[in-house]
Amino acid sequence: MCLTGVDYFSTLGYQPGIAAVAAGLLSPLATVVLIVLTLAGALPIYRRVAAESPHGQGSLAMLEKLLARWKGKLLVLALLGFAATDFVITITLSAADAAEHAVQNPYVPSWLHGENMLLTLLLIALLGAVFLKGFAEAIGVAVTLVGIYLALNVVVVVDALVHVFTSPHLVVDWKNLLVTQHGSVWAMVGVSLLVFPKLALGLSGFETGVSVMPLVQGGGDDPLRGRIRNTRRLLTTAALVMSAFLITSSFATTVLIPQREFEEGGSASGRALAYVAHEYLGNAFGTVYDASTIAILWFAGASAMAGLLNLVPRYLPRYGMAPSWAAATRPLVIVIAVIAFVITWIFDASVDAQGGAYATGVLVLISSAALAVTLSAWRRGRRVAFAAYALITVVFVYTTVANIVERPDGVKIAAFFILAIIATSLVSRATRSLELRAVDVEFDAAARRILDKAVRSGHVRIIANEPDARNEEEYRDKEQEARENSHLPHDCPPVFLEVTISDASEFESTLHVHGEKRYGYRILRVQSPSIANAIAAILLKIRDETGIRPHVYFGWTEGNPFKFLVRYLFSGDGDVPPVTREVLRRAERDPERRPLVHVG
């Protein structure tokens, strides 16, 4: 829970201040709306996500399975852009808020006052330097930081509530101002609902809670079921703890702190609870609180960096969409740090200004999780659950759209990440498309008997056939064409190889080759994302197992080469003969050991 809480609970450093700026005196009521949506919306959604992705893949993996082929992968790429927005803004926002806590501390040298930008950039640079040296997430560090931070928050919030309830006029004044500004309870509720999207930062952390599932012990006879059960407890406990802190801190800070202090440049801007700690518990305690807040905010940035370093390799390599440098940690750390510098400069290291962008990333991920759970309920035939999840999805989608309309910065940054990810991914897919993409090749018993008979003849000659009617005439004509156009020797009985496209959007796969006899012809059949890659992999496997260089025979394909190239990249077929030869050339540099390709 503490590893999740580094991200989730650290938002207490700035959430009360952002809520006060967004909702003003209505901040406590708007926070109640946030808590209701947390406990009745986000929590049920992610409890279901935990059940369906017990290995920590999260909602992105659910959508990938529910929406197959290219549409699922393109959706995942787009969501990766929003996830990158979430993680990068976590780094920049946390660093900016840590800098705000530092410069507002009374013991900090005066020459650092107003140097938020410098301190924020230094914290981000320090974060990057740590990862360049090598960083391992330490649960013990997270437990220590979160434990100390929550304990200090308990002291601050309880003391603040004591001051509120021992000074009844403060609450009375707050209520009178509410009535003056909004007139009726229904007007207050309506405004609270409208401003809720601005408070969505308080929902961050659920995706992290699911991603740490591999670290959760299950126990019992069914460890996987136990892991799901314990992760659900983790999510519920974290949500309840956070909800308690959100409502109490929002109420106490709204009543105790003058509204002008929440504005940009005010003493409570981005640090409402720290303001209360210094004001009512003294500068010594306030300094301890500042140090704890800075530490947990910095570690939240570290968790976000680690999340990015884990997220990119989890999906893109499987799609063949990871450029070579993405496999190396250090170049990726440098790229992330540079992007964080730019975003910090764009937002002038302001916590309030980055709130909208952060909320966009958080809300899109939660909306995607809600959509994934809704689709899953529909496919499982659970109509009541589907209706409930669909309602939650509508609420989150509305909240996301409202946040984007009012504060479009987040979607602009996300669009940049999406375009960058898709562009680099497609370029990578194109440049890697001629790699040998089969993880392994497995022959069944019938296929091995066919190959053994061919080996005994001293030659392995294979005719590549695109299966159509699969009748006797098709195989007879294909053999005659190979013998006449490609000079296949008449004394060599050929083996037909038929490849059918499975899911062309997949990059790597294990090939399961099945053998059969049909009308007296020996046939090997296999499914693969790419015809040319499958043929090349099978030829190399035959060579390695038998010691004989196989020959493969093709007919030329008529058509536009560019059109065939696009078809190969996205459909897995295209102009098969030259692509097969090129894959073989790249996989086997020695021409004397390379399987032979004949085209006629």
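## Helix 19 and helix 21

Helix 19 (residues 531-546) and helix 21 (residues 576-587) have axes that come within 8 Å and cross at roughly 45° in what is a predicted model. The two helices, helix 19 and helix 21, are therefore oblique to each other, and helix 19 passes helix 21 in a right-handed crossing.

On the side of helix 19, the contact is made by Ile-531, Ala-532, Asn-533, Ile-535, Ala-536, Leu-539 and Leu-540, while helix 21 contributes Val-576, Val-579, Thr-580, Val-583, Leu-584 and Ala-587. Sorted by class, the residues in this contact of helix 19 with helix 21 are 11 nonpolar and 2 polar, with no charged residues.

## Helix 3 and its two partners

Helix 3 (residues 27-52) packs with helix 15 (residues 383-406) at an angle of about 120°, their axes being 11 Å apart, and helix 3 passes helix 15 in a left-handed crossing. Leu-37, Ala-40, Gly-41, Ala-42, Pro-44, Ile-45 and Arg-48 of helix 3 make this contact with Tyr-389, Ile-392, Val-395 and Phe-396 of helix 15; by class, the contact holds 9 nonpolar, 1 polar and 1 charged residues.

Helix 3 also meets helix 14 (residues 351-379), where the axes come within 9 Å and cross at roughly 65°, and this crossing is left-handed. The residues that make the contact are Ile-45, Tyr-46, Arg-48, Val-49 and Glu-52 of helix 3, together with Leu-365, Ile-366, Ala-369, Ala-370, Val-373 and Ser-376 of helix 14. By class, 8 nonpolar, 1 polar and 2 charged residues take part in the contact of helix 3 with helix 14.

## The largest nonpolar core

The largest nonpolar core has 130 residues, among which Ile-45, Tyr-46, Leu-203 and Phe-396 touch the most other members. Helix 12 (residues 272-319) supplies the largest share of this core, with 17 residues. Of the residues that touch the most other members, Ile-45 appears in the contact of helix 3 with helix 15, as does Phe-396, and Ile-45 and Tyr-46 both appear in the contact of helix 3 with helix 14.

Leaving aside residues up to four places away in sequence, Leu-203 touches Tyr-8, Leu-34, Thr-38, Ala-42, Phe-196, Val-362, Leu-363, Ile-366 and Phe-396. Among these neighbours of Leu-203, Ala-42 and Phe-396 also belong to the contact of helix 3 with helix 15, and Ile-366 belongs to the contact of helix 3 with helix 14.

## A second core

A second, separate core of 34 residues includes Leu-434, Ala-464, Val-526 and Leu-539. One of these, Leu-539, is also among the helix 19 residues that make the contact with helix 21.

Terms used: Residues numbered from 1 in each chain as written. Predicted model: local features only at pLDDT ≥ 70, side-chain atom pairs only at ≥ 80, totals over all residues. Heavy atoms only, no water. Core = buried A, V, L, I, M, F, W, Y, C linked by side-chain atoms within 4.5 Å. Buried < 20%, exposed > 50% of the residue type's maximum accessible area, 1.4 Å probe, protein only. Helix = DSSP H or I, 4+ residues; strand = E, 2+ residues; numbered from the N terminus. Contact = heavy atoms within 4.5 Å. Axes fitted to C-alpha atoms, helices over the stretch in contact; angles between N-to-C directions. Parallel < 35°, antiparallel > 145°, perpendicular 65-115°, else oblique. Left-handed = near helix turned anticlockwise from the far one by under 90°. Nonpolar A, V, L, I, M, F, W, Y, C, P; charged D, E, K, R; others polar.
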